[in-house]
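User: I would like to learn how to read a fold step by step, taking each feature in general terms before turning to the case at hand. Could you take me through one?

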Amino acid sequence: MASKPHPPIMVGGGGEEKMLRLVAKYAQACNVFNTPDLEQKLDVLKQHCENEGRDYDDITKTVYHLIDTGENGEKTGELIDELGRLHSLGFSAAIGMVPQVPRLDVLERIGSDVIPVAAAF
């Protein structure tokens with residue numbers, strides 16, 4: 001992301017008409033929620049970019065997603081699969097919360113079992 005003449009601008013939210021239009025017109029990055037209509041939102045952003053004469057691929061796309069491996073790691077594979085799907089849609093980062101954040105074992109599992117796999121996408 002370029003930093004001249006200003007710091008990179010990220011616009012986040014869920015609105016297709018206003019928020020995604022603002023992304024196409026002004027932002028260097030966007031953050032959207034991982035909802036069932038996620039792919040539709042990307043299509044809308046592509047259309048807004050086309051309308052603005054903007055290269056869709058110049059926008060860094062991030063997504064808010066729950067980083068949940070489950071109480072005992074039972075959801076780790078599902079999380080990795082979803083992060084892979086998000087990457088294939090063009091997202092470069094997942095931003096989210098860890099439901100069991102006070103538990104060190106959960107954070108260690110994310111560090112050892114999820115991050116290395118996701119980093120290889």
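Analyst: What follows is a reading of this predicted model, going from the overall layout to the sheet, one helix, the core and the cysteines.

User: Where should the reading begin, and what pattern does the chain follow along the sequence?

Analyst: A sensible beginning is the order of the secondary structure elements. There are four helices and four strands in this chain, and along the sequence they follow the pattern β-α-β-α-β-α-β-α. The C-alpha trace spans about 45 × 30 × 25 Å along its principal axes, and 36% of the 121 residues count as buried. Among contacts with a separation of 6 or more, 65% are between residues 24 or more positions apart.

User: How are the strands joined, and in which sense, parallel or antiparallel, do β1 and β2 run?

Analyst: The general approach is to take the strands pair by pair, noting the direction, the number of bridges and a pair of residues that stand opposite each other. β1, residues 10-13, runs parallel to β2 and is joined to it by four bridges, with Val11 having Cys30 as its bridge partner in β2. β2 also pairs in the parallel sense with β3, residues 60-64, over five bridges, and here Val32 stands opposite Val63. β3 in turn pairs with β4 in the parallel sense over four bridges, where Val63 stands opposite Ala94.

User: What does the chain pass through on its way from β1 to β2, and with which handedness?

Analyst: For each connection one follows the path from a strand over the helix to the next strand and notes its sense. From β1 the chain crosses through α1 to β2 in a right-handed β-α-β crossover. The crossover from β2 through α2 to β3 is right-handed, and β3, α3 and β4 likewise make a right-handed β-α-β unit.

User: How enclosed is β2, and how many of its residues are buried?

Analyst: In general, in a regular strand the side chains alternate between the two faces of the sheet. In this model, four of the five residues of β2 are buried, so β2 is largely enclosed by the rest of the structure.

User: And what does Val11 look like on its own, and which residues does Val11 touch?

Analyst: For a single residue, one combines its place, its accessibility and its contacts. Val11 is found in strand β1 and counts as buried at 19% relative accessibility, the cut-off being under 20%. Not counting residues up to four places away in sequence, Val11 touches Met19, Val23, Ala27, Ala29, Cys30 and Asn31. The C-alpha atoms of Val11 and Val32, which are 21 residues apart along the chain, are separated by 8.8 Å.

User: Turning to a helix, how many residues does α3 have, and which of them are buried?

Analyst: One can set the span of a helix against the expected value and then ask which residues are covered, and by what. α3 has 13 residues and reaches 18 Å from its first C-alpha to its last, close to the 18 Å expected at 1.5 Å a residue. Its buried residues are Thr76, Leu79, Ile80, Glu82, Leu83, Gly84 and Leu86, and what covers them includes α2, β3, β4 and α4. After α3 comes Gly90, whose phi is positive, near 110 degrees.

User: Which residues have the most contacts inside the largest nonpolar core?

Analyst: In soluble globular proteins, nonpolar side chains tend to be buried together. The largest nonpolar core here has 26 residues, and those with the most contacts inside it are Val23, Leu45 and Phe91. At least two residues of this core come from each of α1, β2, α2, α3 and α4, and the largest share, five residues, is from α2. Val23, leaving aside its neighbours within four places in sequence, is in contact with Val11, Cys30, Leu45, Arg54 and Ile59.

User: Finally, how many disulfides are found, and why is Cys30 not bonded to Cys49?

Analyst: A disulfide is a covalent bond between the sulfur atoms of two cysteines. A search of the whole structure finds zero disulfides. The sulfur of Cys30 is 8.5 Å from the closest cysteine sulfur, in Cys49, and is therefore too far for a bond, the cut-off being within 2.5 Å. Cys30 counts as buried at 1% relative accessibility, and Cys49 is buried with a relative accessible area of 1%.

Key:
Residues are numbered from 1 along each chain as its sequence is written. This is a predicted model: local features need pLDDT of at least 70, side-chain atom pairs count only at pLDDT 80 or more; totals for chains, interfaces and linings use all residues. Side-chain values use heavy atoms; hydrogens and water are left out. Buried means under 20% relative accessible area, exposed over 50%, partly exposed in between (1.4 Å probe, protein chains only). A nonpolar core is a set of buried Ala, Val, Leu, Ile, Met, Phe, Trp, Tyr and Cys residues joined through side-chain atoms within 4.5 Å. Contact means heavy atoms within 4.5 Å. Two strands pair if DSSP finds at least two bridges between them. A crossover is right-handed if, with the strands pointing away from the viewer, the path from the first strand over the helix to the second runs clockwise. The expected span of a helix is 1.5 Å times one less than its number of residues.
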